[in-house]
Amino acid sequence: MDVRQLQTLVAVADTGSFAGAARVVNLTASAVSQQIQTLEGEVGATLFDRKKRPPQINAKGEELVRAARSVVQTMTEARLT
């Protein structure tokens with residue numbers, strides 16, 4: 001898991017879609033999807049309900065988003081110092 005994946009996860013949560021997140025993190029929607037799938041594999045859990053359109057974040061995803069926001073904020077602050 002890397003910071004880029006966590007930034008992408010937060011962007012998906014904030015925008016409500018993979019396409020919206022793609023615009024925020026300057027990737028294609030398919031690259032966002034790949035990052036999320038890789039992240040899901042690394043954490044061993046599904047983070048989104050893909051039966052719905054757009055995919056909706058589930059409880060495990062919400063839990064990881066909260067942690068990701070903290071990590072991303074810490075990394076951003078560290079880069080500024």
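How exposed or buried is D49? D49 comes out as partly exposed, at a relative accessible area of 26%; buried would mean under 20%, exposed over 50%, and partly exposed in between (1.4 Å probe, protein chains only).

A note for every view: this is a predicted model, where local features need pLDDT of at least 70, side-chain atom pairs count only at pLDDT 80 or more, and totals for chains, interfaces and linings use all residues. Residues are numbered from 1 along each chain as its sequence is written, and side-chain values use heavy atoms, with hydrogens and water left out.

**View A. Helix 2 crossing helix 3.** Here we look at helix 2 (residues 18-25) and helix 3 (residues 29-43), with helices (H or I, at least four residues) and strands (E, at least two) taken as DSSP runs numbered from the N terminus. Their axes come within 8 Å and cross at roughly 100°; axes are lines fitted to C-alpha atoms, for helices over the stretch in contact, and angles run from 0 to 180 degrees between N-to-C directions. The two helices are therefore roughly perpendicular, the label for angles of 65 to 115 degrees (under 35 is roughly parallel, over 145 roughly antiparallel, the rest oblique). On the helix 2 side, F18, A19, A21, A22 and V25 make the contact, and A29, V32, S33 and I36 do so from helix 3; contact means heavy atoms within 4.5 Å. Sorted by type, these residues give 8 nonpolar, 1 polar and no charged. For that sorting, Ala, Val, Leu, Ile, Met, Phe, Trp, Tyr, Cys and Pro are nonpolar, Asp, Glu, Lys and Arg are charged, and the others, Gly among them, are polar.

**View B. Helix 3 and what it packs on.** Helix 3 has 15 residues, which at 1.5 Å a residue should span 21 Å, and its end C-alpha atoms are indeed 21 Å apart (the expected span is 1.5 Å times one less than the number of residues). Buried along helix 3 are A31, V32, S33, Q35, I36, L39 and E40. These buried residues pack against helix 1 (3-15), helix 2, strand 1 (48-49) and helix 4 (59-80). Just after helix 3 comes G44, with a positive phi near 70°.

**View C. The R50–E40 salt bridge.** The closest N and O atoms of R50 and E40 are 3.0 Å apart, which makes a salt bridge because a side-chain nitrogen of Lys or Arg lies within 4 Å of a carboxyl oxygen of Asp or Glu. R50 sits in the loop between strand 1 and strand 2 (56-57) and E40 in helix 3, so the pair ties together parts that are 10 residues apart in sequence. E40 is buried at 10% relative accessibility, while R50 is partly exposed at 27%.

**View D. Two other salt bridges, K52–D49 and K60–E63.** The structure holds 4 salt bridges. K52 meets D49 at 4.0 Å, N to O, and K52 is partly exposed, with a relative accessible area of 40%. For K60 and E63, the closest N and O atoms are 3.9 Å apart. K60 and E63 are 3 residues apart in helix 4, so about one helical turn separates them. K60 is partly exposed at 38%, and E63 is partly exposed at 44%.

**View E. A68 in helix 4.** A68 is buried, at 1% relative accessibility. Setting aside neighbours within four places in sequence, A68 is in contact with L6, L9 and V10. The C-alpha atoms of A68 and G20 are separated by 18 Å, with their positions 48 residues apart along the chain.
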